[in-house]
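Notebook open, structure loaded. I want to check confidence first, then look up a helix pair, a sheet and one loop residue.

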Amino acid sequence: MVGSTRQVTVCGGAIFCVAVFSLYLMLDRVQHDPARRQNGGGNFPRSQISVLQNRIEQLEQLLEENHQIISHIKDSVLELTDTGAVSPSGQLPFRSANGSWVLPFDGRPTFLSVKPQDCQFAQGRRGQTDLQMLDVYSLLKFDNVDGGVWKQGFEITYEPGEWDSEPLQVFVVPHSHNDPGWIKTFDKYYTDQTQHIFNNMLVKLTEDPRRKFIWSEISYFAKWWESADMHKQEAMRKLILGGQLEMVTGGWVMSDEANVHYFAMIDQLIEGHQWLEKNVGVTPRSGWAVDPFGHSATMPYLLKRANLTSMLIQRVHYSIKKHFASTRSLEFMWRQAWDQKSSTDIFCHMMPFYSYDVPHTCGPDPKICCQFDFKRLPGGRVNCPWKVPPRAVVEANVAERAHLLLDQYRKKSKLFRSKVVLVPLGDDFRYDKALEWDQQYLNYQRLFDYMNSHPEMHVQAQFGTLTEYFTAVYKANNVPQGARPPDYPVLSGDFFAYADREDHYWSGYYTSRPFYKSMDRVLESHLRGAEILFSLAVAHARHTGMEGRYPTSDYTLLTDARRTVALFQHHDAITGTAKENVVIDYGNRLLHSLQGLKRVIINAAHFLVMKNKDVYRFYQTEPFLETDDRRATQDSLPQRTLIELDQSGPRYLVLFNPVEQDRLCVVTVLVNSARVRVLTEDGQTLPVQLSAQWSSASQMSAEVFQASFMVRLPALGLAVFHLYDSADTPMTLRSETLLRLSGRGQTAHAVDPLPLRSQTADPQPFYTSTQSLTLGFSGTTGLLEVRGGELKVQIQFVTYGTRSSKDKSGAYLFLPDGKAKPYSQKEPPVVRVVEGPLFSEVVAFYQHFQQTIRIHNVPGVDGLSLDVTTMVDIREQSNKELAMRLVTDIQNDDTFYTDLNGFQMQPRRRFLKLPLQANFYPIASQAYIQDSQHRLTLHSAQALGATSLESGQLEVILDRRLMQDDNRGLGQGLKDNKKTANRFRLLLESRSTGNKVVDSGPTSFPSLLSHLTSAILNHEVIALPVLPKKRGIPPLHTFAPFTGALPCDFHVINLRSIQHQDTHSPSPYTALILHRKGLDCGLETPNPGFNCTTTEGQLGLSSLFRNLDLQLLQPVSLSLMYSSPPMANDSSVSLEPMEISAFRLKLR
């Protein structure tokens, strides 16, 4: 071997000498070739200049040729070293006795070292909370007793003298709920209504300093601001800074809370807060969420981390509202279930009644409250359904009107612990006309003036903002802002599922329009990847003094994508509850931003993989890399890019790993040749599994092939590979395919050189295996049916119908016609079994779906779970919902676990006292069931609705097609279904011996392996082919951003370039947002395939980034608005388990 290396060096050296000598001769020829001299006279200087120009051009050309010669030498040197086709470990792949393949592996020893202290958190004692939502569910009857005027409540009484010693304080808070898309698109709403609300607000609030207003959706406010002149901007800024107009929550939208991932929840909050900081200079103090359909416990945590002190929620199950009202628990400290102290507490106000409109906000009787919605005065477009219209307030009726309204205020106040009452005054898109501002503000001011001038009424009433209300509550209780008032309850848990009346549970929207739920997550993963690569590329460009040559203008593409992702978190967007044309508008925005992000990633990757940054050139029109895939339209599935190989030389491929740990995994690319070799950057040949690209269930493509190979990629890094069209080597192995057909005239055609067999299916189970997994499949259905070892795991498909009565399922509601029925079709499915050294897969083709179950023969995370893709197309169905059900022997009884926003796990109980649809919960990323022996986790790459309806079962609804509206204002069914790919990972874990304790109580945590599985599912490797260049490709190398490994319980949520104060470009600062995961160490942890250690939450940042200097390390609040003093640059940062923290960095 030493001899052959020496030969290579000598040959290479010789070729290099020849190349240099020939370059010298060529230059010499240029100088002495008389034919190249200028002809004719002309004026002397100009001809001299053109001679020089010619010389320079010739030199450039020669240098290009030389560059090509050198790169060809490099390739031939690689060819020479590689003739033995030896893998990194010096072995060839072989099959073991049980038929599974054994692969040569880079053999790096990997170790797992989790400190016992990092395991204690999951077992630790939790502080007791007064209200645990699971206990509340156990306690309540969920009966729907008629409560009189307050239908879902009870009669409220009071003693007339109750306010004699402490008068009632009333804060009437005018608001307008503006959906950024629902019945109309975002732009149409803005043009028709929202812009007029702002323009009237400027005039009408200025007329009287006692008038107040609150606003929450920054997406609309920013749009208005950008079109307003400086005078209007200044006037609006004055209203905000003067306290007449309050920005509440301050997110880009009022986010949904069921389907959204915490990455996007944080990002839309940052986008709104950063906009406010830059343009207005204001920091929101209070949260306002009146319309999301149920509330997640993740939201209070994020608001608390962003330094908000109080929050308000509205859409909560009517039985829970009634229970909380009767125990005066509508205001509480909301604490995270996993919090061992009280550091996550935030003060929360729950609105008591049915809706946030005026009839349901002044007090318990909507018939009376409606009379005080002065937009409904006779002659207008809106009236009162209770048949008693409002009357304008005049001298003659003011006393009677004021007493009638005060009675409602007092009754509402009886449901709370303080003598301060909050009365929102508004509804959807209210206050768009000047008349309404006058009607509401003038009539209410007359009522307030009367009340306040009659001391015997013992009331102080005024317009107020949300924060003014909360401030008065704290003051009445003698506690500082945001502190827990004495005797106020502490609550943990969440508020899903929501029902607004009867058995109308809003659990349908957890799955509605899954195509876009899935596309949203692809966009989020791209946004995170683009943010991180952009921040690193700009920092490295600054470090090397090349800032001027890097396309920092890509920052506008990042901003656009941030705002698109943020907009889509709106509670009528990701929920799938908007009109069809609005959905198309969202879809086009998502696609446009996805394309922009792919450009940002390509431009950053181009700069970072250049070995010699001096030869880096950026051409807007000539991208260096191609995208990994393309989407023809906003509602089509992605098509992977084909890499065209030819004899002339290698194609280069850059792989981006968006996960913060090293990654060992199988990567598949499409090539146009069955003759393919893959080399690493340093010339090692990798084993390649060559498989067919299928054009139908049984038809192979003759032009396109799949090449799969195993790679090790650096954390958040880029690696370079070379692909050749070359004769077979022992390292290219072909997949073997078996088609199981039902026999009726079905045929299969092989394409050379891939082997294909077919047989008539029989009912006997069949098996496929890797070194770590063996899977059994039903011979009849082609679906998973593992009975190996001690546990059964079976996949079934079932369908739900909808009721025959008047109330039917729609975009929001799930109203099934009873238990699900097994999915059935007349013809048996075609089943395709593909086996090979790197992966094996079984694909079952049904009429309305096809399911692919794939296992990777790779050590570590990628090889320990099943990759499950279910392609669903129910466009021929009517009023049907398709579900995938896992049936196992796990004895979980009535307990199961669903995640909240990909951030935390929430234990659930199936209650027989509740209807079937009430037992469904949202999953953003996973659900599991467990007993003392096993835990089975279904990881999901998109938000869906899930449940466990019987012990041992776990099911998820994949798509729903509904032909009618469900009477919640949308006015449409769900008929715009798409062909949708639902992606999952199925992970079965065993409890380690001596660890048979199953979680009981309000917390549960995934294992380390489970966290890593979720990461690889949600952040796929992005494969970017280098575009062939006539001039040859300059030398490329691996980019690994970190000097060492991050602790493997840390997740980099984002590395986000912070906006410049004046321009649309990035500032020198970057926000690093970290999350330390909570771990359950009681499950057996196999080798993850990379070095994995934990550090009790410590992370040194000063030397973390390779070849960059850390010039500032400053802890900041989650939305970057509040800063702590900078830390010493060499400090470690420290995070508690579950903590999310943000830091402002200056890297260069």
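**Confidence check**

I'm working with a predicted model. I looked up the confidence: pLDDT averages 92 over the protein, and 91% of the residues score at least 70. Then I went looking for the weak stretches. Residues 1-12 stay under 50 in pLDDT, and the model gives them 6 contacts beyond four places in sequence. Residues 16-46 also stay under 50, with 21 contacts beyond four places in sequence. I'm leaving both stretches alone.

**H5 against H6**

Next I pulled up helix H5 (residues 186-207) and helix H6 (residues 218-227). Their axes come within 10 Å and cross at roughly 70 degrees. Roughly perpendicular runs from 65 to 115 degrees, so H5 and H6 are roughly perpendicular to each other.

Which residues meet here? From H5 I noted Phe 186, Asp 187, Tyr 189, Tyr 190, Thr 194, Gln 195, Phe 198, Asn 199 and Leu 202. On the H6 side they meet Ser 219, Tyr 220, Phe 221, Lys 223, Trp 224 and Ser 227. Sorted by class, the H5 contact with H6 has 8 nonpolar, 5 polar and 2 charged residues.

**How covered is H6?**

I checked burial along H6 and found the helix mostly covered, with 7 of its 10 residues buried. The buried ones are Ile 218, Ser 219, Tyr 220, Phe 221, Ala 222, Trp 224 and Trp 225. What do they pack against? I listed H5, strand E6 (213-215), helix H7 (230-241), strand E7 (245-247), helix H8 (262-279) and helix H16 (554-568).

**The five-strand sheet**

I moved on to an open sheet of 5 strands, in the order E21-E20-E24-E18-E46, with antiparallel pairing. Strand E21 (685-686) and strand E46 (1022-1025) sit at the edges, each pairing on one side only.

I zoomed in on strand E18 (residues 651-656) and strand E24 (residues 718-724). They run antiparallel and are joined by 6 bridges. Leu 655 stands opposite Ala 719 in E24. Reminder to self: strands of a sheet pair through backbone hydrogen bonds.

**Ser 696**

Last lookup of the day. Ser 696 lies in the loop between strand E22 (688-694) and strand E23 (700-713). How exposed is Ser 696? Its relative accessible area is 36%. The partly exposed class lies between 20% and 50%, so Ser 696 is partly exposed.

I also took a C-alpha distance from Ser 696 to Phe 845. The two atoms are separated by 9.8 Å, with the residues 149 apart along the chain.

How values were computed
Residues numbered from 1 in each chain as written. Predicted model: local features only at pLDDT ≥ 70, side-chain atom pairs only at ≥ 80, totals over all residues. Heavy atoms only, no water. Axes fitted to C-alpha atoms, helices over the stretch in contact; angles between N-to-C directions. Helix = DSSP H or I, 4+ residues; strand = E, 2+ residues; numbered from the N terminus. Parallel < 35°, antiparallel > 145°, perpendicular 65-115°, else oblique. Contact = heavy atoms within 4.5 Å. Nonpolar A, V, L, I, M, F, W, Y, C, P; charged D, E, K, R; others polar. Pairing = 2+ DSSP bridges. Buried < 20%, exposed > 50% of the residue type's maximum accessible area, 1.4 Å probe, protein only. pLDDT = per-residue confidence, 0-100.
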